[in-house]
Every structure is written in C-alpha cells, then in structure tokens.
Amino acid sequence: MGVSSFFKNLFGTAKEAAHETVEQAETVVEEAKIAAKPYVDKAEDFIEETVTKAKETVTPYLEKAEALVEETVTKAKETATPYLEKAEAIVEETVAKVTETATPYIEKAQTVVEETIEKAKGAVTPLTEKTEKLIEETKVSETETIDTLKEKPSPLTKDPEEGNI
C-alpha cells in the first residue's frame, strides 16, 4: 500500500501542477491581448491613413490617365476615318471593275452552256426515238414468238388428250 499512496500523491501533485500551469497560461494570454490592443488599434489607424493618402495621391493621376485615353481614342478615330473611307471607296471601285470585266465572260459562258444543252438535246432526241422504236419492235416480236409457241404442239406430248409423257 505504500507504493499506491506514493503514486497517488505523485500523480495528484502532477495533476495540480498541470492545472495551475494552464491557468497561468490563460492569464498570460489575456494580459497579452490587453497589452496588444493599443498596438492593434494603432496599426488599423495607420493602414486606414495609408489607404486614404494613396487614394488622394493616385486619384489625380487616374483622372489624367482617363482623359489621356479618351483623347487618344478620339484622335485615333479622327486619323483613321479618312483612311477607312478611302479603303471603302477603293473596295467599291474594285468590285465595280471586277463586275464590269467579268460580266461579258459570264454572259458568254451562259450562252455556251445553253447552246451545249440545245445541241445535246438535238443529238439525243433521234437516239431516244430510235431506242423507243426498237423497244416497241422487240415487244411485238416477243408477243408474236409467245403466240407461235402457244399454237405449236409440244414435242413432249403425244396427244393433247393423253397429257404429258
């Protein structure tokens, strides 16, 4: 039993010491927060002042930059407009010239195509008529052949009344 009471006293003392240490640490943290509060407030104020000063310093430059950009865009438009108008005129002239130059060739091509179609129709029509005539003649010939075969007795039968062999 002496050993067990030794361990109880030992661990009980350690537990109390740990509890006291935690309480002291919490107290130190709270004191540090209280001590740091004025410095945090000063840092916040300093940051706010710095941002305000930066805005005041930069604002005139931003306004000047905006004005400069607007002027540059306006000048670019003014400078480019005559060139754009000239380019449009050149394109229109080019289209007109190409159309004027190409029109006779297009018309000639249309005429050639139309003439070719007419010639082809002229060449094909007699052939079509001849083919239709041959088809008709073949139909008549087939009909006559079938009729002739029906009229002739078959060599396979002896007598029509007797039937097939």
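Helices and strands here are DSSP runs, with at least four residues for a helix and at least two for a strand, numbered from the N terminus. On that basis, this predicted model contains 1 helix and 2 strands. Welcome to a quick tour of the fold, its confidence, its surface and its charged side chains.

**Overall layout**
- Reading from the N terminus, the order of elements is α-β-β.
- Helix α1 covers residues 2-151, and strand β2 covers residues 163-164.
- Of the 165 residues in the protein, 0% are buried.
- The accessible surface adds up to about 15,500 Å², and carbon and sulfur atoms account for 63% of that surface.

**Confidence**
- The mean pLDDT of the protein is 82, and 84% of the residues reach at least 70.
- Helix α1 has the highest mean pLDDT among the elements, at 84.
- Strand β2 sits at the other end, with the lowest mean value, 52.

**Salt bridges in helix α1**
- As general background, side chains of opposite charge can pair when their charged atoms come close.
- The structure has 2 salt bridges.
- One of them joins the side chains of Lys-33 and Glu-30, with an N to O distance of 4.0 Å.
- Lys-33 and Glu-30 are 3 residues apart in helix α1, so about one helical turn separates them.
- Lys-33 is exposed, because its relative accessible area of 55% is over the 50% cut-off.
- Glu-30, at 43%, is partly exposed.
- Lys-37 and Asp-41 also form a salt bridge, and their closest N and O atoms lie 3.5 Å apart.
- Here the two residues are 4 residues apart in helix α1, so Lys-37 and Asp-41 are again separated by about one helical turn.
- Asp-41 has a relative accessibility of 28% and therefore counts as partly exposed.

**Negative surface patch**
- Glu-16, Glu-20, Glu-23 and Glu-26 together make a negative patch on the surface.
- Glu-16, one of these residues, belongs to helix α1.
- Glu-16 is exposed, with a relative accessible area of 52%.

**Nonpolar surface patch**
- Phe-46, Ile-47 and Val-51 form a nonpolar patch on the surface.
- Together, Phe-46, Ile-47 and Val-51 offer about 310 Å² of accessible area.
- Val-51 lies in helix α1.
- The relative accessible area of Val-51 is 42%, which makes this residue partly exposed.
- Val-51 can be part of a patch because its 42% is over the 30% relative accessible area that patch residues need.

How values were computed
Residues are numbered from 1 along each chain as its sequence is written. This is a predicted model: local features need pLDDT of at least 70, side-chain atom pairs count only at pLDDT 80 or more; totals for chains, interfaces and linings use all residues. Side-chain values use heavy atoms; hydrogens and water are left out. Patches are made of residues with over 30% relative accessible area and no salt bridge: like charges are joined within 9 Å, nonpolar side chains (Val, Leu, Ile, Met, Phe, Trp, Tyr) within 5 Å. Accessible areas come from the Shrake-Rupley method with a 1.4 Å probe; for residues, only the protein chains shown count as cover. Buried means under 20% relative accessible area, exposed over 50%, partly exposed in between (1.4 Å probe, protein chains only). pLDDT is the predictor's confidence in each residue, from 0 to 100. Lys and Arg count as positive and Asp and Glu as negative; His and the chain ends are not counted. The place of a charge is taken as NZ of Lys, CZ of Arg, CG of Asp or CD of Glu.
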